[in-house]
Amino acid sequence: MKLFSIFAFTLLLWTGCSSGKLSPEEQDKYVRQGQDITKEVGMIMTSALTKSLNDGGVARAAQYCSYIAIPLVDTLAVRHGVQIRRTSTKLRNAKNDTPTERELAVLEQYARQKEAGKELQPLVEAIDPNTVAYYQPIFVQPMCLNCHGVEGETLTEDNYTIIKYMYPKDEATGYKIDDLRGIWSLTMPRESTE
Ligand code: HEC
């Protein structure tokens, strides 16, 4: 009997570890951690974009986005010890931002939930015993339309020409306010719970 319980306990531990399921406490903790990071990164990007849009229009801001904002986000990622990505089903930068299989599944799940009128929640899951993934939807705000709006309407021909020149394969236009633009995808270290 004793031997059986040791066996059962070991099995439980083993399956618990290999599936890497997060406890409810861990879920709360990593959702909060993810939200804090995306809030900080989002604020930096939005304020920098708004400032450079005001200073030099889309020509300046689009350059800002690729040459300055990306290293800035990388610096933040290093400081927090996490990996930070943005991805989407309609990409502007297919080189950096192509979704992984799992990210694509999350994007599709969010799109279905939005279609059904549900409120989209952040998601956390264990990738392996030492790593947690965090996903959060990104919605279109008025400012985004300058570069991701409807061509010839909210996205002017002149601005679209600049974007097309920088990203010839751009697909990330045609959006309206509150549309699902994509997701934040973070990879965070999982702290030992022992
Ligand atoms: C000044 C133009 C500009 C504005 C304004 C802008 N973006 Fe972008 N966006 C870009 C560029 C350029 C890229 C590609 C950056 C790169 O090279 O990785 C991009 C990439 C993205 C991506 C990554 C996925 C992809 O398509 O490559 C997301 C998500 C995104 N933008 C969302 C937004 C949101 C949300 C807003 C508003 C809060 C916004 N953008 C405002 C120009 C802009």
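In this predicted model, Val41 is in contact with Val73, Leu76, Ile84 and Trp184, once its neighbours within four places in sequence are left aside. Val41 also belongs to the largest nonpolar core, a group of 18 residues in which Val41, Ile84, Trp184, Leu186 and Met188 have the most contacts. Helix 2, strand 3 and strand 4, the last of these covering residues 180-189, are the elements that give two or more residues to this core, and helix 2 gives the most, with 8 residues. Apart from this core lies another one, of 8 residues, among them Tyr110, Ala133, Tyr135 and Ile183.

**Leu186 and its surroundings**

Leu186, one of the residues with the most contacts inside the largest core, is found in strand 4. Is Leu186 buried or exposed? With a relative accessibility of 1%, Leu186 counts as buried, because the cut-off for a buried residue is under 20% relative accessible area. If residues up to four places away in sequence are not counted, Leu186 touches Gly34, Ile37, Thr38, Gln83, Ile84, Val132, Ala133 and Tyr134. For one of these partners, Ile84, the separation from Leu186 is 102 residues along the sequence, while the C-alpha atoms of the two residues are 4.8 Å apart in space.

**Two residues of strand 3**

Val132, which Leu186 touches, is found in strand 3, and its relative accessible area of 0% makes it a buried residue. Leaving aside neighbours within four places in sequence, the contacts of Val132 include Leu22, Tyr30, Val124 and Ile127, and also Leu186 and Thr187. Val132 and Glu191 are 59 residues apart in sequence, and their C-alpha atoms are 9.4 Å apart in space.

Thr131 is found in strand 3 as well, and this residue is buried, with a relative accessible area of 17%. The side chains of Thr131 and Asp128 are joined by a polar contact of 2.9 Å. Beyond four places in sequence, Thr131 is in contact with Glu125, Ala126, Thr187, Met188 and Arg190; these five residues are not peculiar to Thr131, for Val132 has contacts that include Glu125, Ala126, Thr187, Met188 and Arg190.

**Helix 6 and the loop after it**

Asn159 lies in helix 6 and counts as buried, at 16% relative accessibility. When neighbours within four places in sequence are left aside, Asn159 is in contact with Val58 and Asn146. Asp178 is found in the loop between helix 6, which covers residues 157-166, and strand 4. The phi of Asp178 is near 75°, a positive value in a residue other than glycine. Most residues other than glycine have a negative phi.

**The ligand and its shell**

Which residues are closest to the ligand? The ligand is surrounded by 22 residues, and the closest are Asp97, Cys144, Cys147, His148 and Arg181. Three side chains place polar atoms at the following distances from atoms of the ligand.

| Residue | Ligand atom | Distance |
|---|---|---|
| His148 | nitrogen | 2.9 Å |
| Tyr167 | oxygen | 2.6 Å |
| Arg181 | oxygen | 2.6 Å |

The elements that give two or more residues to this shell are helix 2 (24-80), strand 3 (131-139) and helix 5 (145-148). Helix 2 supplies the largest share of the shell, 7 residues, and helix 2 is also the element that gives the most to the largest nonpolar core. Sorted by class, the shell around the ligand has 14 nonpolar, 3 polar and 5 charged residues.

**The chain as a whole**

The protein chain contains 6 helices and 4 strands, and these follow the pattern α-α-β-α-α-β-β-α-α-β when read along the sequence. Of its 194 residues, 35% count as buried. Among the contacts in the chain with a separation of 6 or more, 72% are between residues 24 or more positions apart, and the pair Leu186 and Ile84, at 102 residues apart in sequence, has been described above. The accessible surface of the protein chain comes to about 12,200 Å², and 57% of this surface belongs to carbon and sulfur atoms.

Conventions. Residues numbered from 1 in each chain as written. Predicted model: local features only at pLDDT ≥ 70, side-chain atom pairs only at ≥ 80, totals over all residues. Heavy atoms only, no water. Near = heavy atom within 4 Å. Polar contact = N/O pair within 3.5 Å; in protein donor to acceptor, adjacent residues only side chain to side chain. Nonpolar A, V, L, I, M, F, W, Y, C, P; charged D, E, K, R; others polar. Buried < 20%, exposed > 50% of the residue type's maximum accessible area, 1.4 Å probe, protein only. Contact = heavy atoms within 4.5 Å. Areas by Shrake-Rupley, 256 points an atom, 1.4 Å probe, with all protein chains shown as cover. Core = buried A, V, L, I, M, F, W, Y, C linked by side-chain atoms within 4.5 Å.
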